[in-house]
Amino acid sequence: MISLSGVTKRYGETLAVKALDLSIESGEFTVLIGPSGCGKSTTLRMVNRLIEATAGKIEIDGEDIASYRPEELRRRIGYAIQSVGLFPHMTVEKNIAVVPTLLKWDEARIKHRVGELLELLSLDPAIYSEKYPSQLSGGEAQRVGVARALAADPAILLMDEPFGALDPITRESLQREFLRVQRELKKTILFVTHDIDEAMAMASKIAIMRDGSLIQYAAPEEILESPADRFVREFIGADSALKRLALLKVGPLFKRAKSIKEREGLVAAKERIVEGENLWLTDEKGVVKGWISPRSLTGAEDLTEATTSLDPRAAGIAKDDNLRDALSTMVKFGFRTAPVVDKGGILLGELSLSAILEA
Amino acid sequence: MGNFVTFHANRIVAGAPFTIFESAGTMVAAALLLLLAAIICASLYSGGGKWRDYALGALPPIATALLIYTAGHAARALSLDATPIARVSLGSGFWIPLLLLPVIYFDSIQNNEGLLAPAAAGVLSTVAVAVFFVYGFMDDLSLMKEFANRSDRFFSELSTHLTLSGVAVSLAVLIGAPLGLLAERRERLSGPTFFTLNVLQTIPSLALFSILIPLIAALLALFPTLKEAGVGAIGSTPALIALTIYSILPVARNTYTGLRTVDSAIIEAARGMGMTPLERLLKVELPIASPIILGGVRIALVQAIGLTAVAALIGAGGMGTFIFLGIGQSADDLILLGALPTVLVALIADGAMQGMIKIVKPKGI
Amino acid sequence: MVFDNAAKRRALKALLLLLPLFALLTLSTSLWESAFGPLFPRLEQLVYPLASFPLLVGEHLLLVGLSSGAAILIGITLGILVTRPWGRDLLPAASSLASMGQTFPPVAVLALAVPVVGFGFAPTFIALFLYGLLPILANTISGMESLDDGILEAARGMGMTRSQCLFRVELPLAAPVILAGVRISTVINTGTAALGATIGAGGLGKPIIAGLIGDNPAYILEGAILVALLAIIIDTILGMVSVARVEGV
């Protein structure tokens, strides 16, 4: 657990951080966010004493960080930054081994740890161990940077816009990957970014700062639902409703759907259909083939003529999709109601537009 | 190759020029000219890939050795029928290729990957040239006659020269590197430090060397104990002081720039991971800056070797002794006896430092 | 880089101090006499008698001016020629000649000129010219080579001819680097010209050599102080010129 109480940083006349109180539970992924100059990086760097606080107290697991030597403290805390800062004269392996070496681990243990970390971050040790930083792409370098921060298995990880310099595609894949790593390792993470989408995607708690003060500190859903003030509302953007949808899953909202198999025929369809609802056509295994509306059924000679066919892999929605993606699919295909399917395209139920709007 | 060597009936009179064919004989001359033609063709022809690299890396040292052998051979041929006081000096037909061949050689070393063939040819040719000199092939050249008259003195002055420049640069590293480090850590100091060093560097060598003479004399008058400790107003003391002063700037400046070039993200990462300032300096900053710092030592060393030649004017000895003695006596070969080894030592020191930088330079940079 | 007004002001201030001091020391012999009288009571002759200081300064400036002027003209021209498309074949040779030539000690170049040309003004001029050529050539080449290809392409794309491109874009952009070479070259020449006195070229080295031979510290100091001041003044002026040229680049 990290707790900041009354933490202040003063540069001459200006206060970069004003009497900040913040408490971060162990295993929590906390994102510090705000416009540039709001004091988020300063706050982060006061935790490992790269910047010394002017006033206030920072404790880690109940111990005042001022009671440690700064170097000793930093060796216990992982640190990753936007510009990575890999040492160009050291191989990937040596770079990752820096802190363990400073901590005087024995060689075999370091070697084993480096291999473990490279694999954790999906870098093949056989290929990457002996490479130099100049031979890595931006994404690879940042993976190594994260591996280096994790090297001595610190309980706490400080990250200052670690994915900020990457292109959108690489950034997103690294974000996903890092979330996977975090689910496995359960570190206490303090993560600085100015990208609200990144914050919403990664955080378990978000701390919004402005002019050195904490404005709101809450879970992402809560911030979207009830922003503390106009500043927060503006900061999370006009599309906050969409952002909130991105945090909700399809799972709890979809309901059972009516379906009919091809061989059951037109008559059965007419009996089963209810005014104002659709009927899903499936094959013998239950894979969705198309949909039938009450209107298309009147005057149709057989089931095929009454069916608008669809491809469940493109138009189907998965149970763990978020509502934002589901809505996007529905708009794209013009559905008021969309089929919810499993990986094989088998019909599980349906999701209606009104269910999304009520969520 | 019009004027390959010049024949003088004695040390004073004007001489008669001889072409390479007239002096060295058709066979030797033709072999040398063919080799030179091949090198020139290879250097002007931009295709050829690997074979061109081999030719430009390996042939110039071989041609240099052959050129030197040819000169010795020519001098011997001309001296056969002459009196012992006759002199054979070298002409432009010898000097121009001798100057151009190393340019081609070093150019090819710097631009090509493979170092084995050029290095082997260089070592082999150096050994061959050494053999020519040691076993007397070259003894009939006037330069070698001057050398023969003064061989003991030559080696003692050479060792004085090397000691003076070596000690001065070592002192400059001991003073300049910490100074550069200090200037980098305390930016406020960098302005005044480099202003002072720049002004000192601007002072002409003859002026600085000679200004020190009355200064040290005054110091000795004030503190007679210094005199008892072996400090003199002329000779090696002022020379060493001046040479050290000149050598500090390149070392300090490159230490400063070298440390400056280390990316701030790297420094931040090093601090963030918990390196102490000393660990950061030794494990991160110095290794990354080392090629640039050594580059400063290289500049200082080459410069000091040249300036030491001037120090002979204030009685410090070294190869300048022969240069200024030769100038005083209008004896061209004596001038060459001082100037050529100075140039050679400077070139060797430069090459050695470049090689060392290549070896020391950490991989990945 | 930002136009460095502060550096220019500092240099101007230094010149306002150095130039009058240099003029005073050149023109007034009584100043030297009154300073050296008490310092060297045993010396009979306190001021170098064989030539007046204005004459020596003039000789020195002539030597440096001519040789550096020629070196600047030829050096920059050569540098431009080998960086043109049709001169590129000679570029590697020119740049390694320039960098290796600078390894040659200036005093050795001066000494080697004697067997070829003899004594006096001519060999000193030739040695200073050849030696001064190298830093200028080297810097012209590196200045031209370091230009961003995009800028040249833009210039050509806007319809500039090759010569317009050279005079309006390439040379102005490369000017700071070239001028740095000119500064190094001229300052080295000022110092090496003093050594020219040993081969009879005249200049401010003469009193120093005379003082060294005749064991007269007054002569030594006169020559040394004047030539040191001259070198510092030349360095400051050329430094100011290159700072001024950096504007906007």
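**Exercise 1. Polar links between the domains of chain A**

Task: In this predicted model, how many salt bridges and how many residue pairs in polar contact lie across the interface of domain 1 of chain A and domain 2 of chain A?

Solution:
- Start with the polar contacts. Across the interface of domain 1 and domain 2 of chain A, the count is 0 residue pairs when both residues must have pLDDT 80 or more.
- Now turn to charge pairs. The rule finds 0 salt bridges across this interface of domain 1 and domain 2 of chain A.
- Finish with the residue classes. The side of domain 1 of chain A that touches domain 2 of chain A holds 3 nonpolar and 2 charged residues, with no polar ones.

**Exercise 2. Placing the domains of chain A and their contact**

Task: Where do the two domains of chain A lie in the sequence, and which three residues of domain 1 supply 87% of the area it buries against domain 2?

Solution:
- Take the bounds from the domain assignment: domain 1 of chain A covers 2-247, and domain 2 covers 255-358.
- Next, look at the spacing. Taken over C-alpha atoms, the centres of domain 1 and domain 2 of chain A are 45 Å apart.
- Then count the contact residues: 5 from domain 1 of chain A meet 5 from domain 2 of chain A.
- Add the area. These two domains of chain A bury about 450 Å² between them, and 65% of it is on carbon and sulfur atoms.
- Finally, name the contributors on the domain 1 side. A:Leu242, A:Leu245 and A:Ala246 supply 87% of the area that domain 1 of chain A buries against domain 2, more than any other three residues.

**Exercise 3. The domain contact in chain B**

Task: Which residues of domain 1 of chain B lose the most area to domain 2 of chain B, and which helix gives the most residues to that side?

Solution:
- Set the bounds: in chain B, domain 1 runs over 5-141 and domain 2 over 151-360.
- Find the spacing. The centres of domain 1 and domain 2 of chain B, over C-alpha atoms, lie 33 Å apart.
- Count the partners: 5 residues of domain 1 of chain B touch 7 residues of domain 2 of chain B.
- Work out the area. About 510 Å² is buried between these domains of chain B, with carbon and sulfur atoms giving 54%.
- Pick out the residues. B:Arg11, B:Trp95 and B:Gln110 lose the most area on the domain 1 side, together 60% of what that side buries.
- Check for polar links: the interface of domain 1 and domain 2 of chain B has 0 salt bridges and 0 residue pairs in polar contact, both at pLDDT 80 or more.
- Identify the helix. Helix H4 (residues 92-111) of chain B gives the most to the domain 1 side, with 3 residues.
- Close with the classes: this side of domain 1 of chain B has 2 nonpolar, 2 polar and 1 charged residues.

**Exercise 4. Chain C against chain B**

Task: How much area do chain C and chain B bury between them, and which helix gives the most residues to the chain C side?

Solution:
- Begin with the residues: chain C brings 36 and chain B brings 36 to the contact.
- Move to the area. Chain C and chain B bury about 3,000 Å² between them, 86% of it on carbon and sulfur atoms.
- Look at the elements. Those giving two or more residues to the side of chain C that touches chain B include helix H4 (91-101), helix H8 (162-195) and helix H10 (217-245) of chain C.
- Choose the leading helix: H10(C) gives the most to this side of chain C, with 10 residues.
- Sort the residues by class. The side of chain C that touches chain B has 30 nonpolar, 5 polar and 1 charged residues.
- Last, count the links: between chain C and chain B there are 0 salt bridges, and 0 residue pairs in polar contact with both at pLDDT 80 or more.

Technical notes: Residues numbered from 1 in each chain as written. Chains lettered and ligands numbered in written order. Predicted model: local features only at pLDDT ≥ 70, side-chain atom pairs only at ≥ 80, totals over all residues. Heavy atoms only, no water. Contact = heavy atoms within 4.5 Å. Buried area = accessible area lost by both parts, 1.4 Å probe. Salt bridge = Lys/Arg side-chain N within 4 Å of Asp/Glu carboxyl O. Polar contact = N/O pair within 3.5 Å; in protein donor to acceptor, adjacent residues only side chain to side chain. Helix = DSSP H or I, 4+ residues; strand = E, 2+ residues; numbered from the N terminus. Nonpolar A, V, L, I, M, F, W, Y, C, P; charged D, E, K, R; others polar. Domains from an automatic or database assignment.
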